[in-house]
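User: Please take a close look at the surroundings of the ligand and give one connected account. A formal description of the contacts there, and of how they sit within the rest of the fold, would be welcome.

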Amino acid sequence: MRQKLIAGNWKMHGSLAENQTRLTQLVSGLGDTSAQVAVCVPAPYFTQCKSVLAGSAIQCGSQNISEYEQGAYTGEISASMLKEFDVQYALVGHSERRELFAESSEQVAKKFAAAKQARLIPVLCVGETLEQREAGITEQVIAGQISAVLDQVGIQGFADSVVAYEPVWAIGTGKTASPEQAQAVHKAIRVQLNALNSEIAQKIQILYGGSVKPNNAAAIFAQADVDGALVGGAALNAQDFLQICNAAS
Ligand code: PEP
């Protein structure tokens with residue numbers, strides 16, 4: 001049985017004061033949960049995040065990672081730098097990075113490889129646009145995004161990694177995939193990996209992301225191949241995020 005993982009993606013939100021309140025509320029409110037919990041905060045707040053979360057079960061993650069090890073790459077943050085802050089997870093290929101910052105699947109694959117190389121846990125985000133869903137090519141698009149990473153790291157690279165299925169049309173829109181739509185894509189991802197290595201496919205956590213809220217989380221988590229959630233908007237409210245964690249418990 002796979003453990004569920006609930007990861008919050010704070011995006012470019014927060015301040016020292018706001019974070020202090022939210023992180024403290026998370027630590028005091030989490031209680032006993034069987035789920036793994038992480039928050040992906042903006043990089044300047046790693047030190048604060050690690051300090052407030054010290055001694056709690058909540059892990060800290062990054063929202064991005066450079067594909068390069070070091071050098072003249074202004075503004076980039078390398079995997080080894082993340083490691084120095086004891087960050088556990090790195091989001092890779094979030095649709096906002098793919099769309100707004102023109103990250104290609106090949107670049108995403110290199111970022112995934114950089115995270116693996118540094119023994120960070122990459123959370124590979126994949127997802128289709130509304131046009132692609134309406135054109136009936138959702139599973140083809142997702143398979144292509146996964147294949148780009150397989151080409152770079154092979155199936156072994158997916159051991160101790162996480163995949164997040166995030167339909168682009170559901171992110172920050174209030175529209176969520178139905179539990180059945182999510183399950184169909186999660187299953188297709190597992191089948192694709194299973195064809196290469198059944199043990200890795202059975203173990204890998206596949207998260208759903210896209211307007212997960214306290215009122216829809218339980219139905220999504222009840223699906224056989226849904227192993228938790230990547231949560232954006234609702235992760236900015238400690239009570240909502242804690243309710244989602246409880247729904248996964
Ligand atoms: C996200 O940013 O990964 C996300 C899923 O956002 P939201 O929950 O707001 O749709």
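Analyst: The shell around the ligand is made up of 8 polar, 4 nonpolar and 2 charged residues. The model in which this shell is described is a predicted one. Of the 14 residues around the ligand, those that come nearest are Lys11, Glu166, Gly172, Ser211 and Gly233.

Three of the polar contacts to the ligand can be described in turn. The side chain of Glu166 places an N or O atom 2.7 Å from an oxygen atom of the ligand. For Gly172, a polar backbone atom is 2.7 Å from a ligand oxygen. Ser211 likewise uses a polar backbone atom, with an oxygen atom of the ligand at 2.7 Å. The ligand taken alone exposes 290 Å², and the protein buries 98% of that area.

Ser211 merits further attention. This residue is placed in the loop that runs between strand 7 (205-209) and helix 10 (217-221). Ser211 counts as buried because its relative accessibility is 10%, and the cut-off for that class is under 20%. Its phi is near 55°, a positive value in a residue other than glycine.

While the backbone of Ser211 has a polar atom 2.7 Å from a ligand oxygen, its side chain has polar partners in the protein. A polar atom of the Ser211 side chain lies 2.7 Å from the backbone oxygen of Ala170. The side chain of Ser211 also reaches the backbone nitrogen of Gly174, at 2.9 Å. When neighbours within four places in sequence are left aside, the contacts of Ser211 are Ala170, Gly172, Thr173, Gly174, Lys175, Thr176 and Asn216. Thr173 is 38 residues from Ser211 along the chain, yet their C-alpha atoms are separated by 6.7 Å.

A positive phi also occurs at Asp86, where the value is near 60° and the residue is again not a glycine. Asp86 belongs to the loop between helix 3 (79-84) and strand 4 (89-92). Asp86 is partly exposed, because its relative accessible area is 42% and that class lies between 20% and 50%.

The nonpolar interior remains to be described. The largest nonpolar core has 65 residues, and Ile6, Val39, Ile146, Phe158 and Ile189 touch the most other members. Helix 11 (residues 238-247) gives the most to this core, with 5 residues. For Ile146, contacts beyond four places in sequence are made with Leu124, Val126, Phe158, Val163, Ile189, Gln192 and Leu193. Apart from the largest core lies another, of 12 residues, among them Ala7, Cys125, Val162 and Leu230. As a general matter, nonpolar side chains in soluble globular proteins tend to be buried together.

Notes: Residues are numbered from 1 along each chain as its sequence is written. This is a predicted model: local features need pLDDT of at least 70, side-chain atom pairs count only at pLDDT 80 or more; totals for chains, interfaces and linings use all residues. Side-chain values use heavy atoms; hydrogens and water are left out. Helices (H or I, at least four residues) and strands (E, at least two) are DSSP runs, numbered from the N terminus. Buried means under 20% relative accessible area, exposed over 50%, partly exposed in between (1.4 Å probe, protein chains only). Contact means heavy atoms within 4.5 Å. A polar contact is a pair of N or O atoms within 3.5 Å; within protein, one must be able to donate a hydrogen and the other to accept it, and residues adjacent in sequence count only if both atoms are side-chain atoms. A residue is near a molecule or strand if one of its heavy atoms lies within 4 Å of it. Accessible areas come from the Shrake-Rupley method with a 1.4 Å probe; for residues, only the protein chains shown count as cover. Ala, Val, Leu, Ile, Met, Phe, Trp, Tyr, Cys and Pro count as nonpolar, Asp, Glu, Lys and Arg as charged, and the others, Gly among them, as polar. A nonpolar core is a set of buried Ala, Val, Leu, Ile, Met, Phe, Trp, Tyr and Cys residues joined through side-chain atoms within 4.5 Å.
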